[in-house]
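Let's take a relaxed tour of a protein model. Keep the 3D view open and look for each part as it comes up.

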Amino acid sequence: HIHFNWDHREETTTQEVVDILKQHNVGLTIVASTPSELALELRAKGGDWIIPFFSPYIHELGKRDWYKDEAVVRRAKQGLASGLYYGIGEVHFMNGFQPKTNNKIFLQLLALAKEYAVPMLIHIDSSNELTFQKLCLANPGIKMIFAHAGGELEPEQIEKILSRCDNTWIDFAARDPWRYGGISKADHTLKPEWKALVLRYPERFI
């Protein structure tokens, strides 16, 4: 998945984004934008290989207060009902900080994902898999995408999620060695432990 936010658009046009993606042979991408409708602009410029998700960050500073804003639920329902959005997210959680995964706005978004049969893209920064695993086990009828594998969690922790949650797919976006440990070696091939995990679950990785 990628992001195309208001501050990105100030520097980079939708056409430039599409051209860059094509130059790198990207054939399919989920886009989550702040505000949400920028993802629709990117799809309009690029085509149906760009998959917009409804972001709960509905204004420029929405990442700070989305979990207290009832307008997020109303806008999400309108967006999904329009057929223009194909999922919900990316939604961010950090253990020890607000919001929690049991806040009422997020629970309503989960209900909408189930109602409209769309996936949720969820980013949880945590030292273990338990928070996400609790979430995917509690919502077996909702497809979930675990964002940014190779960030905080090790392959054996990701495997625990895969083995217990049939409704979960694993996303590898943006796990670069400058911010995280990374998933690849110096020659840009997967580290052995990640390669082994992908080969054990070849249909469960994005």
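What follows is a walk through the strands and helices of this predicted model.

## A small open sheet

Start with strands 1, 2 and 3. They form an open sheet of three strands in the order 1-2-3, and the pairing is parallel. Strand 1 (2–3) and strand 3 (50–52) sit at the edges with a single partner strand each, so one side of each has no neighbour in the sheet. Helix 3 packs on this sheet and touches strand 1, strand 2 and strand 3, while its direction makes about 155° with that of strand 3.

Now zoom in on the pairing of strand 1 with strand 2 (residues 29–32), which is parallel and runs over two bridges. Which residue is the bridge partner of His-3 in strand 2? Look for Ala-32. If you're wondering what holds such neighbours together, strands of a sheet pair through backbone hydrogen bonds, either parallel or antiparallel.

## Out on helix 3

Helix 3 covers residues 38–46, and Ala-44 is one of its residues. Is Ala-44 buried or exposed? Its relative accessibility is 70%, so Ala-44 counts as exposed. The cut-off to keep in mind is over 50% for exposed. You can also try a distance check here: Ala-44 and His-59 are 15 residues apart along the chain, and their C-alpha atoms are separated by 20 Å.

## Strands 4 and 5

Next, find strand 4 (residues 88–94). Five of its seven residues are buried, so strand 4 is largely enclosed by the rest of the structure. Strand 4 pairs with strand 5 (residues 120–125) in the parallel sense, over six bridges. Two places to look along this pairing are His-92, which stands opposite His-123 in strand 5, and Gly-89, whose bridge partner in strand 5 is Leu-121. Between the two strands you meet a helix: strand 4, helix 6 (residues 104–116) and strand 5 make a right-handed β-α-β unit.

How many of the six residues of strand 5 are buried? The count is six of six, so to speak a mostly covered strand by the cut-off of under 20% for buried. Here's a handy rule: in a regular strand the side chains alternate between the two faces of the sheet. Strand 5 has both faces covered, with Met-120, Ile-122 and Ile-124 buried on one side and Leu-121, His-123 and Asp-125 buried on the other.

## On to strand 6

Strand 5 also runs parallel to strand 6 (residues 144–146), and three bridges join them. Here Leu-121 stands opposite Ile-145 in strand 6. There's a right-handed β-α-β unit on this side too, made of strand 5, helix 7 and strand 6.

Helix 7 (residues 130–138) is home to Gln-133. With 8% relative accessibility, Gln-133 counts as buried. What does Gln-133 touch, leaving out residues up to four places away in sequence? The contacts are Lys-160, Ile-161, Arg-164 and Cys-165.

## Two helices side by side

Two packed helices are described by the angle between their axes and the distance between the axes. Try that on helix 5 (residues 70–82) and helix 6: their axes come within 9 Å and cross at roughly 10°. Helix 5 and helix 6 are therefore roughly parallel to each other. Among the residues that meet here are Val-73, Ala-76 and Leu-80 in helix 5, and Leu-109 and Leu-112 in helix 6.

While you're in helix 5, pick out Ala-71. Ala-71 has a relative accessible area of 18% and is buried. In sequence Ala-71 is 32 residues from Ala-39, and in space the two are 19 Å apart, C-alpha to C-alpha.

## A helix with two sides

Finish with helix 9 (residues 192–200), where Trp-194, Leu-197 and Val-198 are buried. These residues cover an arc of only 100° around the axis, which puts them on the same side of helix 9. Why can residues that aren't next-door neighbours share a side? An α-helix has 3.6 residues a turn, so residues three or four places apart point the same way.

What do the buried residues of helix 9 pack against? They pack against helix 8 (155–164). Turn the model around and you'll find the exposed residues Pro-192 and Leu-199 on the face of helix 9 turned away from its buried side.

Technical notes
Residues numbered from 1 in each chain as written. Predicted model: local features only at pLDDT ≥ 70, side-chain atom pairs only at ≥ 80, totals over all residues. Heavy atoms only, no water. Buried < 20%, exposed > 50% of the residue type's maximum accessible area, 1.4 Å probe, protein only. Helix = DSSP H or I, 4+ residues; strand = E, 2+ residues; numbered from the N terminus. Pairing = 2+ DSSP bridges. Right-handed = clockwise from strand over helix to strand, strands pointing away. Contact = heavy atoms within 4.5 Å. Arc of directions from axis to C-beta. Axes fitted to C-alpha atoms, helices over the stretch in contact; angles between N-to-C directions. Parallel < 35°, antiparallel > 145°, perpendicular 65-115°, else oblique.
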